[in-house]
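Me: Could you take a close look at one part of this model for me? I would like to understand chain B and how its partner chain meets it.

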Amino acid sequence: MIEPWQYQVVAALLFMIGVLGVLIRRNVIVMAMCIELMLNAANLSLVAFSRVWGNHDGQIFVFMVIVVAAVEVAVGLAIILRLVANRDSVNIEDTSLLKW
Amino acid sequence: MTEQVIFYICSFIVLLAAAGVVLNVRNTVYSALSLVVAMLALAVLFILLHAEFIGVLQILVYAGAIVVLFLFVIMLLNLRGGDMGAESQPILKIVGTLLIVGAGAKLVTLFTGARGAWPEVGREFGTVREVGKILYTDYLLAFEIAGIFLLAGLVGAVVMGKQRID
């Protein structure tokens, strides 16, 4: 039988892979994908806890996270599109106007 | 027994595909396709947890809409292998990896062997009917706000994506 903590371990590892991607990759699109990975890790954790508690509240949270992720990707990719059109590069280091 | 086999196989696929998203430096399209694989395997894990509605939503929204949007943008930008841009400094990569391995090991040891058991749930648990009942009663306000939020996102994406902002 699978224990609840095993799902949490998978979610933790998935989250860490997402953080790693944001830290070591400089491609804007891949960084956006890694943010999706982190959101999904949180979703897996919420669904597992929803099952442990035996009620549906966790699944409602996941529903809201999916809504926010969809909006975030739509607006984020539009911003990336404008960014790449202006800078002619997908490297995040080329967009450093507001960086100290 | 079958449940265990499915769990281990799907977890392995999720983590492998997620690593593929991060480690693939040759072509962004491959990263996006890796992301689809991770989302589909994750949907199997959701269904294994009796969250059928969320599992189907995961396939519809993530694999069906979000990753397709990523692919559209990648192909619209016409990125070739050489245009990927310089990656971060090797020293930063090593420091970042060590940091993440340390934090990940801490998290995993924190969770390993934690107590907790699955309660018995009815056959209806996680179906559209049960989730919908709660969504349209207890969480009605949040649901309405999510609808307005989607509309705002739609308008925002169109405005941001316009060629010229007047």
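Reply: Happy to help; here is chain B, followed by its contact with chain A.

This is a predicted model, in which local features need pLDDT of at least 70 and side-chain atom pairs count only at pLDDT 80 or more, while totals for chains, interfaces and linings use all residues. Residues are numbered from 1 along each chain as its sequence is written, and chains are lettered from A and ligands numbered from 1 in the order in which they are written.

Chain B has 6 helices and 0 strands (DSSP runs numbered from the N terminus: H or I of at least four residues for helices, E of at least two for strands). Its pattern along the sequence is α-α-α-α-α-α. Chain B is more spread out than a compact globule, because its radius of gyration is 20 Å, well over the 15 Å that the globule rule gives for 166 residues (taken over C-alpha atoms; the rule is 2.2 Å times the number of residues to the power 0.38). Along the principal axes, the C-alpha atoms of chain B fill a box of roughly 55 × 45 × 25 Å.

Of its 166 residues, 26% count as buried, meaning that 20 or more other C-beta atoms, placed from the backbone, lie within 10 Å of a residue's own. Among chain B contacts between residues at least 6 apart in sequence, 61% join residues at least 24 apart (a contact puts the two C-beta atoms, placed from the backbone, within 7 Å). An automatic or database assignment divides chain B into domain 1 (1–81) and domain 2 (136–166), and the C-alpha centres of these domains lie 25 Å apart.

Now to the partner. In all, 57 residues of chain A are in contact with 71 residues of chain B. On the chain A side, α1, α2 (28–53) and α3 (57–87) each supply at least two residues, and α3(A) gives the most, with 20 residues.

One helix pair deserves a closer look. Helix α1 of chain A (residues 4–24) and helix α1 of chain B (residues 2–23) have axes that come within 9 Å and cross at roughly 5° (lines fitted to C-alpha atoms over the stretch in contact, with angles from 0 to 180 degrees between N-to-C directions). The two helices are therefore roughly parallel, a label for angles under 35 degrees. Residues making this contact include Leu13(A), Leu14(A) and Ile17(A) from α1(A), and Val14(B), Leu15(B) and Ala18(B) from α1(B).

Key
A residue is buried if 20 or more other C-beta atoms lie within 10 Å of its own, exposed if 12 or fewer, and partly exposed in between; C-beta atoms are placed from the backbone. Angles under 35 degrees count as roughly parallel, over 145 as roughly antiparallel, 65 to 115 as roughly perpendicular and the rest as oblique.
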